[in-house]
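Here's a quick briefing to read alongside the structure. Have the viewer open and follow along.

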Amino acid sequence: MKFATLTSCFRRLEVTSSQNEMIALLARLLAGTPPDEIETVCYFTLGEIGPEYSGVALGVGDRTAAAAIALAAGTDLASVETAARELGDYGDAAVRLAGRPPEGIAEAFPAAGPLTVTDVHRGFAEIARTSGPGSADRKTRVLAAMLAAATPPERRYLVRLATGEMRLGVGDMTLLDALAEAFLGAKAERPPLEHAYNISSDIGFVARTLLESGLPGVLAISITLHRPIRPMLTQRVSRISEIPERIGSRVIAVEEKYDGERVQAHKDGDDVTLFSRRLTDVTHQYPDIVRHVRRCVMADTAILDGEAVAFDHATGTYQPFQTLMRRRRKHRVREVAGEIPATYRVFDLLYVNGESYLRRSYPDRRARLEEVLGRDERISPAGRTVTEDLDEISEFYLACIERGLEGIVCKSCAEDSFYRAGAREWQWIKWKSDYGTELADTLDLVVVGANAGRGKRAGTYGSVLCAAYNHEEDVFQTVCGIGTGFSDADLADLPRRLAGARVDRQPARVAVTPQAVPDFWFAPAQVVEVLGLEITESPVHTCNWDPERQRGLALRFPRFVRWRDEKRPEQATTAAEVAAMFRRRREG
Ligand code: AMP
């Protein structure tokens with residue numbers, strides 16, 4: 001496939017304001033893609049180079065991109081920086097700047113004729129492979145040669161792909177809808193594709209299987225070690241007394257909720273791989289957990305789900321999330337691991353000795369987990385109690401808070417309490433310490449817009465427009481604008497943090513009312529935790545929009561709490577959760 005075919009589709013995706021048209025455009029594109037290029041087309045459309053878990057990183061930042069643009073256009077760095085500043089985007093700067101590249105640059109990336117998708121994939125693979133001394137220079141030359149071989153519209157997307165800032169606003173579910181429409185007749189046929197994606201975390205692989213082996217091939221996709229399973233997520237309620245009604249099981253397991261990092265561990269003999277909640281490979285970050293899994297998991301192969309927590313063995317106390325995050329680093333990993341040891345609290349077992357446990361009930365999975373996991377203070381099943389009694393749930397919760405834990409996660413023990421990969425359903429319900437206070441609701445919202453700052457905030461943003469994720473419709477619906485709670489440093493950093501998501505028009509999957517239209521738009525990318533006073537009805541925000549009453553739901557008195565970089569936009573608080581919070585408040 002010609003790369004130009006792909007980029008002209010990208011251009012149309014960028015300017016459409018209709019989600020259905022977005023799906024139709026993508027479906028047409030996919031239907032015309034040959035099987036050996038479908039994986040790459042899927043990744044590029046999502047703004048990625050490969051499946052997220054593969055950890056393929058180009059290592060191209062703005063500086064390398066700017067140097068490559070300058071080299072390809074035969075101009076200097078200052079001109080590139082000026083154009084990028086004016087246009088707000090290095091991709092657009094690469095379109096504007098045209099000139100003669102130096103002799104011999106084509107040797108860094110030989111391409112015959114117009115660029116194909118395969119050519120571009122080959123170029124990026126070469127850039128990703130390049131490491132060690134002199135690699136920045138080599139990366140720059142390959143990217144410059146790719147740019148020199150490209151037409152102006154192609155250059156825009158080459159640069160955006162290289163810097164990881166595609167901004168098309170296409171999400172995983174949008175792409176799955178398009179695959180269903182293209183190959184199964186209608187987007188309503190998405191569920192089997194979604195299931196295969198949930199257990200393989202690789203849309204490219206699902207798409208290729210669909211093209212080559214049809215639906216039977218997709219249905220046969222099963223768990224594969226070292227390929228992450230999308231994590232099951234929790235629901236929330238506004239009153240602890242709602243948990244028993246909602247959870248759909250008389251017997252409830254109440255587990256300790258740890259404030260650490262979600263870690264999925266794959267053990268394959270001595271070979272251990274760890275994945276974060278975003279499904280990136282974090283094995284190198286937790287050499288201690290790798291050791292504990294190797295030593296204490298009594299099975300040849302296994303997949304565990306749990307939380308890495310910083311635990312102070314001297315005082316016997318759990319440390320906050322921020323302490324654990326000090327381990328997020330490239331260098332001196334082992335040294336810092338010694339200073340801040342991580343404990344692995346395992347709350348689920350998804351696979352053992354070649355067998356999937358996803359369709360086993362929670363009690364069965366837990367029983368098997370306890371057999372498989374040798375006891376050790378550095379790796380153990382999550383602490384819990386099993387009860388039918390609300391008072392016992394409350395007591396267990398209070399005891400957790402006293403011990404410095406974040407709260408509890410209640411889990412259904414019903415026969416159908418399967419592990420639902422990628423889903424946020426009522427089988428798992430969390431209850432956190434901040435829910436009990438007056439300022440009750442923290443939401444994880446997605447930044448979709450911002451207003452210009454004035455006065456003291458000139459030069460940065462004055463407020464950001466935040467949205468919840470409507471899972472059913474696969475759109476982002478606004479709930480509030482936040483302007484308070486930011487430290488001076490957070491505020492000053494806002495333009496840098498949001499720059500990569502800036503787009504010049506309203507993204508198709510973002511719904512706003514005319515009153516809420518912001519000065520600047522962002523493709524859904526950044527997730528922010530927000531604390532608010534209450535949820536109210538509002539004509540300004542589109543969350544759970546009721547067309548008859550012309551009202552949605554809004555979060556009142558929202559304050560910035562922290563950025564949630566470990567969450568993808570589709571893992572933000574859902575519109576359904578906001579609706580549930582609103583209903584409970586009103587009734588309670
Ligand atoms: P939140 O990040 O507030 O949406 O809470 C859900 C997260 O809590 C999960 O993704 C896990 O990382 C974490 N967690 C901590 N303890 C547990 C537990 N016992 N069961 C499930 N999730 C837990």
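**Rings, charges and a sheet**

The charged end of Arg227 sits over the ring of Phe205, at 4.1 Å from the ring centre. Keep in mind that this is a predicted model. With that said, here's what to look at, starting with the other ring contacts and moving on to the sheet.

**Charge over ring**
- Arg345 also has its charged end over a ring: that of Phe311, 5.9 Å from the centre.

**Aromatic pairs**
- Phe311 turns up again in a cluster, where ring pairs link it with Tyr258 and Tyr318.
- Searching the whole structure turns up 13 aromatic pairs.
- One of them is Phe347 with Trp428, an edge-to-face pair with 5.9 Å between centres and 85 degrees between the planes.
- Phe347 belongs to strand 7 (residues 342–352) and Trp428 to strand 12, so this pair ties together parts that are 81 residues apart in sequence.
- Both Phe347 and Trp428 are buried.

**The sheet**
- Strand 12 is also part of an open sheet of five strands, ordered 1-12-11-2-10 with mixed pairing.
- At the edges you'll find strand 1 (233–236) and strand 10 (384–387), each pairing on one side only.
- On average, neighbouring strands in this sheet are turned by 35 degrees against each other, ignoring direction.
- Strand 11 (residues 407–412) and strand 12 (residues 424–432) run antiparallel and are joined by five bridges.
- Cys410 stands opposite Ile429 of strand 12.

**A helix across it**
- Helix 18 (residues 390–402) lies across strand 2 (252–257), strand 10, strand 11 and strand 12, and runs at about 145 degrees to strand 11.

Methods:
Residues are numbered from 1 along each chain as its sequence is written. This is a predicted model: local features need pLDDT of at least 70, side-chain atom pairs count only at pLDDT 80 or more; totals for chains, interfaces and linings use all residues. Side-chain values use heavy atoms; hydrogens and water are left out. Two strands pair if DSSP finds at least two bridges between them. Helices (H or I, at least four residues) and strands (E, at least two) are DSSP runs, numbered from the N terminus. Axes are lines fitted to C-alpha atoms, for helices over the stretch in contact, and angles run from 0 to 180 degrees between N-to-C directions. Contact means heavy atoms within 4.5 Å. Rings of Phe, Tyr and Trp (its six-membered ring) pair if their centres lie within 6.5 Å; planes under 30 degrees apart count as stacked, over 60 as edge-to-face and the rest as tilted. Buried means under 20% relative accessible area, exposed over 50%, partly exposed in between (1.4 Å probe, protein chains only). A charge sits over a ring if NZ of Lys or CZ of Arg is within 6 Å of the ring centre and within 35 degrees of the ring normal.
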